[in-house]
Amino acid sequence: MNLLKPLFYFSLFRYPLTEEEIFAFSELKSKEKVKEELDRLVEEKIIYYIDGFYLCENEKAQVERRLAGNKMAKEIHSKANKVSRFISKFPYVEGVGISGSLSKGYFDEDGDIDFFIITSPNRLWIARTFLILYKKIFLLNSKKYFCVNYFISTNALEIDEKNRFTATELVTLLPMYGNGSFHEFYKKNQWVNNFLPNKTITEGLENLNPVKKPLVTRLTESSLNNKLGDYLDLFFLKITYKKWKLKFKDLNQKQFNIALKSTKTVSK
């Protein structure tokens with residue numbers, strides 16, 4: 001039943017998988033064994049096989065939905081690349097990657113482009129605040145093509161939550177812009193091999209583009225590389241935390257810490 005793990009995981013998003021994808025997200029070392037087990041599961045009607053895809057429900061509409069989403073993802077990728085480059089120009093941003101559904105090759109009309117952002121140490125909340133202010137002022141708070149939902153600092157690149165969900169997100173992450181931060185990030189998170197030994201965590205690094213900061217960004221950074229910058233970073237952390245605690249007051253502390261982690265080195 002090992003193969004049911006990736007199928008169950010992606011079924012949460014109504015996303016059927018090919019045989020090759022199931023092997024990639026499984027712990028089995030033999031492709032022949034994967035094929036053998038898949039055939040058995042289909043024969044016993046535990047899973048279904050439709051037009052080259054395996055899924056947990058006997059619904060061809062899911063296959064059609066995936067194919068349409070794959071096509072739209074290819075069409076939106078150039079837009080995502082442009083936004084990634086734009087984000088990389090903001091103060092204290094050292095790396096930009098695409099996460100979420102688009103990183104897995106899927107996009108639809110209801111989707112948005114999720115970004116994973118690596119920042120300079122002790123300046124995560126300044127970087128985040130600049131980006132959020134841009135979204136609120138110039139994009140009227142629309143997150144359709146500008147969903148900056150995960151920030152991590154270069155001095156704490158190892159992900160604390162080590163599980164299959166996080167491992168899947170890491171191996172599907174698409175690094176877009178960075179000057180070494182993503183290489184170090186992957187070194188710190190080799191633990192994903194314990195969950196997904198058939199996936200290479202560094203896939204996509206060959207397409208990584210360098211970060212080039214404009215003059216205004218360099219001047220902004222130099223003006224905040226002092227005690228004022230230290231104060232502002234802590235201030236933005238505190239006011240954001242208080243805002244989220246009020247907005248999500250129905251969550252207990254444990255739920256809040258998981259869903260809206262807010263520390264000096266992480267914001268998600």
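**Exercise 1.** Leaving aside its neighbours within four places in sequence, which residues is Y177 in contact with? Work on the predicted model shown above.

*Solution.*
Step 1. Locate the residue: Y177 sits in strand β6, residues 174–178.
Step 2. Set aside the neighbours within four places in sequence, then list the contacts of Y177: N81, S84, R85, S88, E94, G95, V96, F182, L208, N209, P210 and V211.
Step 3. Take N81 from that list. N81 and Y177 lie 96 residues apart along the chain, yet their C-alpha atoms are separated by 9.0 Å.
Step 4. Take R85 next. Its side chain and that of Y177 are joined by a polar contact of 3.5 Å.

**Exercise 2.** Decide whether Y177 is buried or exposed.

*Solution.*
Step 1. Read the relative accessible area of Y177: 6%.
Step 2. Apply the cut-off: buried means under 20%.
Step 3. Y177 is therefore buried, at 6%.
Step 4. Set this beside the whole chain, where buried residues make up 47% of the 268 residues.

**Exercise 3.** Describe the overall fold and dimensions of the chain.

*Solution.*
Step 1. Count the elements: 10 helices and 7 strands.
Step 2. Compare the radius of gyration, 20 Å, with the 18 Å from the globule rule for 268 residues; the two are close, so the chain is as compact as a globular protein of that length.
Step 3. Add the spans of the C-alpha trace along its principal axes: about 65 × 40 × 35 Å.
Step 4. Check the contacts with a separation of 6 or more: residues 24 or more positions apart account for 72% of them.

Notes. Residues numbered from 1 in each chain as written. Predicted model: local features only at pLDDT ≥ 70, side-chain atom pairs only at ≥ 80, totals over all residues. Heavy atoms only, no water. Helix = DSSP H or I, 4+ residues; strand = E, 2+ residues; numbered from the N terminus. Rg over C-alpha atoms; globule rule 2.2 N^0.38 Å. Buried < 20%, exposed > 50% of the residue type's maximum accessible area, 1.4 Å probe, protein only. Contact = heavy atoms within 4.5 Å. Polar contact = N/O pair within 3.5 Å; in protein donor to acceptor, adjacent residues only side chain to side chain.
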